[in-house]
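Biologist: Got a minute to go through this one with me? I'd like to talk about the open spaces and the ligand.

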Amino acid sequence: MLVIQDLHKQFGSIKAIDGLNLSVTTGEILVLMGPSGCGKSTTIRTINRLIEPDQGNILLHDVNILTLDPDELQKIRKRIGFVFQHFNLIGRLTALENVMFGLVMGGMDRDTAQNKANDAMAKVGLEEHLHHKPNELSGGQQQRVGIARALAYEPELMMWDEPTASLDPILVREVLVVMEELARYRSSTMIVVTHELSFALRVADRIVLMDKGKIVEEGKASGVFVNPASEIGQKYKELIEYQMNTTAQSLSGKTL
Ligand SMILES: Nc1ncnc2c1ncn2[C@@H]1O[C@H](COP(=O)(O)OP(=O)(O)OP(=O)(O)O)[C@@H](O)[C@H]1O
Ligand SMILES: [Mg+2]
């Protein structure tokens with residue numbers, strides 16, 4: 001459904017994306033990982049042109065997003081959901097109103113928008129918190145409102161940019177559980193940027209590793225993290241082994 005060809009983006013002297021090629025099939029859950037600064041956010045932000053790339057093609061069902069005029073781009077953006085690290089909720093609106101906001105601004109009538117927002121809030125388990133303002137919600141709950149806001153559009157492509165990165169570890173789990181649930185019963189294709197190895201291992205159909213603006217490895221977790229070909233893949237493999245050993249040693253009382 002999505003094909004990215006020879007994508008480049010430079011900020012001053014920094015090559016944030018350096019000749020990236022990637023295809024994503026309909027319904028796939030692709031997890032994009034790599035060290036900080038390797039170009040993950042820049043890559044997914046070019047897909048709906050929050051960032052304009054310097055060169056390349058981005059085809060969504062054979063339509064090149066990079067050549068669309070502003071009206072056409074606006075239409076396509078409604079088919080692409082985005083969940084960010086910072087939830088950016090509107091403080092004076094309730095959770096439900098935050099979810100409805102974009103739909104109503106986009107021209108949907110209030111009743112339909114409210115129904116869609118109610119459904120989306122139920123999907124993230126927040127049906128009891130519809131009328132809470134953001135400052136009356138925990139960080140995890142606020143992020144779930146952020147997720148509901150993206151879901152309400154019923155997007156065909158959902159992009160997630162480190163949705164758990166600004167949460168404390170207990171709240172991380174709460175959001176990961178919701179993400180896993182959505183992934184399991186998905187109606188969207190998903191591209192997830194995350195540092196959460198457990199999520200990648202449990203949920204990804206395919207893992208893509210980036211380094212210095214390029215894709216250096218891709219495949220199933222069983223390949224990428226077990227027999228990595230790249231330096232970054234090797235580092236993730238060592239990290240997983242370290243985490244498994246530490247957990248095993250702690251449970252057997254050796255390091256307690
Ligand atoms: N608006 C910008 N202006 C200048 N440089 C930028 C800009 N956005 C990103 N960069 C640079 O481009 C490179 C890629 O950044 P990007 O945000 O895509 O990395 P990332 O892989 O998402 O990292 P992280 O895991 O820390 O979020 C980095 O070197 C970053 O400093
Ligand atoms: Mg990033």
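Modeller: Sure, one definition to begin with: helices (H or I, at least four residues) and strands (E, at least two) are DSSP runs, numbered from the N terminus. This is a predicted model, where local features need pLDDT of at least 70 and side-chain atom pairs count only at pLDDT 80 or more, while totals for chains, interfaces and linings use all residues. Residues are numbered from 1 along each chain as its sequence is written, chains are lettered from A and ligands numbered from 1 in the order in which they are written, and side-chain values use heavy atoms, with hydrogens and water left out.

Biologist: Fine. How many helices and strands are in the protein?

Modeller: The protein has 9 helices and 10 strands. Its C-alpha trace spans about 55 × 50 × 35 Å along the principal axes.

Biologist: And what is the radius of gyration?

Modeller: The protein has 19 Å, which agrees with the value near 18 Å for a compact globule of 256 residues. That radius is taken over C-alpha atoms, and the globule rule is 2.2 Å times the number of residues to the power 0.38.

Biologist: On to the pockets. What volume does the largest pocket have?

Modeller: About 600 Å³. Of the 21 residues lining the largest pocket, Arg 77, Ile 80, Phe 82, Phe 84 and Tyr 153 are the closest to its centre. A pocket here is an open set of points on a 1 Å grid over the protein atoms alone, with protein on both sides within 12 Å along at least five of seven lines; a cavity is a set where a 1.4 Å probe fits but cannot get out, and lining residues have an atom within 4 Å of a point. Points are joined across faces, edges and corners, and a volume is the space filled by probe spheres set on them.

Biologist: Which element gives the largest share of that pocket's lining?

Modeller: Helix 3, with 5 residues. Helix 2 (70-77), strand 6, helix 3 (95-105) and helix 5 each supply at least two. By class, the lining of the largest pocket has 10 nonpolar, 8 polar and 3 charged residues. Ala, Val, Leu, Ile, Met, Phe, Trp, Tyr, Cys and Pro count as nonpolar, Asp, Glu, Lys and Arg as charged, and the others, Gly among them, as polar.

Biologist: What about the second largest pocket, how much space is in there?

Modeller: About 190 Å³. Its lining includes Lys 123, Glu 154, Tyr 185 and Arg 186, and divides into 6 nonpolar, 2 polar and 4 charged residues.

Biologist: How many cavities of 30 Å³ or more are there?

Modeller: There is 1, with a volume of about 30 Å³. Helix 5 (139-151) and strand 6 (80-83) each put at least two residues into the lining, and helix 5 has the largest share with 3. Phe 82, Phe 87 and Arg 149 are among the lining residues.

Biologist: Switching to ligand 1. Which residues are closest?

Modeller: Ser 36, Gly 37, Lys 40, Ser 41 and Thr 42, out of 13 that surround ligand 1; a residue counts if one of its heavy atoms lies within 4 Å. Helix 1 gives the most to this shell, 3 residues.

Biologist: Which side chains have polar atoms by the ligand's oxygens?

Modeller: Ser 36 has one 2.5 Å from an oxygen atom of ligand 1, Lys 40 has an N or O atom at 2.8 Å from an oxygen, and Glu 162 has a polar atom at 3.2 Å. Taken alone, ligand 1 exposes 640 Å², and the protein buries 61% of that. Those areas come from the Shrake-Rupley method with a 1.4 Å probe.

Terms used. Polar contact = N/O pair within 3.5 Å; in protein donor to acceptor, adjacent residues only side chain to side chain.
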